[in-house]
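Subject: Structure handover

Hello,

Here is the structure you are taking over, with the sequence alongside. Please keep it open while you read the notes below.

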Amino acid sequence: MEDKHIPESALASLSRRDIIKGVIAAGAVSSAGYLFRASMVRAASSAAGSVERLITLNVNGQQRRVDVMKQETLAMTLRYKLGLTGTKIGCDRSECGACTVLIDDVPHYSCSVLTHTARGKNIVTIEGLAAADGKLHPVQQGVVEEQGFQCAFCMPGFIMATVGFLKVNPNPTRAELAHGISGNLCRCQDYDKILTAMMRGAEILRSA
Ligand code: FES
Ligand code: FES
């Protein structure tokens, strides 16, 4: 890393909001920019001219008013403005599926969806799956029963992809489901257990 030494005075002059805006503005430039303080500082300064617009999103059944920039991705909005951190950002460029959410019941990589294009659509994140009384969604229950994940960073994305797939094919074979969620990657390579958990979730869903 070229920039390990950031003067404390420079950091102190940036509010958390400035930094987040900068990271969002940097968007696809860095695959993990939000993890590195120096990148965040650079991004914040590049965001000086960014303009936000207040829009309304339907997220998990709630109308959420939020200021967004025109180049802002849904993943950034969900995580850093709406506090829905269950949606993960892995690659930030449509490769890993960690950021998968449902938009009008169809799985999407939220890192590659501009937030303003999701206006008027129903967005569901991992936080919106459980029932109001806390009862887990069948696919989540399948994960609990089968202990399908190792570190579980990829888990929300896999669950959302599976929930979306089961809406069009509620009774898949193992091979069909594997193909259906093949846009999601697991860095722990826990695929066999994940698939078992997802198949168990499908089974619970059918019997619900
Ligand atoms: S973070 Fe969106 S596909 Fe990887
Ligand atoms: S369980 Fe670790 S990335 Fe999938």
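A crossing of two helices is called right-handed if the near helix is turned clockwise from the far one by less than a right angle, and left-handed if it is turned anticlockwise. You will need that term further down. Please also note that this is a predicted model.

Overall picture

The protein chain has eight helices and five strands. Read from the N terminus, the order of elements is α-α-α-β-β-α-β-β-β-α-α-α-α. The chain has 208 residues, and 45% of them count as buried. Among contacts with a separation of 6 or more, 58% join residues that lie 24 or more positions apart.

Helix 4

Helix 4 covers residues 74-81, and seven of its eight residues are buried, so the rest of the structure largely encloses this helix. The buried ones are L74, A75, M76, T77, L78, R79 and Y80. Just after helix 4 comes G83, which has a positive phi of about 75 degrees.

Strands 3 and 4

Strand 3 spans residues 100-103 and strand 4 spans residues 106-109; the two pair in the antiparallel sense, with four bridges. Within this pair, V101 is placed opposite H108 of strand 4. The two strands form a hairpin with two residues between them, and in this hairpin D104 takes a positive phi near 50 degrees.

Helix 6 and its two partners

Helix 6 (residues 155-168) and helix 8 (residues 191-207) have axes that come within 11 Å and cross at roughly 45 degrees. An angle between 35 and 65 degrees falls outside the parallel and perpendicular ranges, and helix 6 and helix 8 are therefore oblique to each other. Their crossing is right-handed, in the sense given at the top. On the helix 6 side, the residues that meet helix 8 are F158, I159, T162 and L166, and their counterparts in helix 8 are Y191, I194, M198, A202 and L205. Sorted by class, this contact of helix 6 with helix 8 has eight nonpolar residues, one polar residue and no charged ones.

What angle do helix 5 and helix 6 make where they pack? Helix 5 (residues 138-146) packs with helix 6 at about 130 degrees, and the two axes are 9 Å apart. Helix 5 and helix 6 are therefore oblique to each other, and their crossing is right-handed. From helix 5, the contact uses V139, Q140 and V143; from helix 6, it uses M155, I159, T162, V163 and L166. The contact of helix 5 with helix 6 divides into six nonpolar, two polar and no charged residues.

If you compare the two lists, you will find I159, T162 and L166 of helix 6 in the contact with helix 8 and again in the contact with helix 5.

One residue to look at: G157

G157 is in helix 6. Is G157 buried or exposed? The cut-off for buried is under 20% relative accessible area; G157 has 0% relative accessibility and therefore counts as buried. Leaving aside residues up to four places away in sequence, G157 touches G97, A98, T100 and N184. T100 is 57 residues from G157 in sequence, yet their C-alpha atoms are 4.7 Å apart in space. T100 also belongs to the stretch of strand 3, residues 100-103.

Regards

Key: Residues are numbered from 1 along each chain as its sequence is written. Chains are lettered from A and ligands numbered from 1 in the order in which they are written. This is a predicted model: local features need pLDDT of at least 70, side-chain atom pairs count only at pLDDT 80 or more; totals for chains, interfaces and linings use all residues. Side-chain values use heavy atoms; hydrogens and water are left out. Buried means under 20% relative accessible area, exposed over 50%, partly exposed in between (1.4 Å probe, protein chains only). Two strands pair if DSSP finds at least two bridges between them. Axes are lines fitted to C-alpha atoms, for helices over the stretch in contact, and angles run from 0 to 180 degrees between N-to-C directions. Angles under 35 degrees count as roughly parallel, over 145 as roughly antiparallel, 65 to 115 as roughly perpendicular and the rest as oblique. Contact means heavy atoms within 4.5 Å. Ala, Val, Leu, Ile, Met, Phe, Trp, Tyr, Cys and Pro count as nonpolar, Asp, Glu, Lys and Arg as charged, and the others, Gly among them, as polar.
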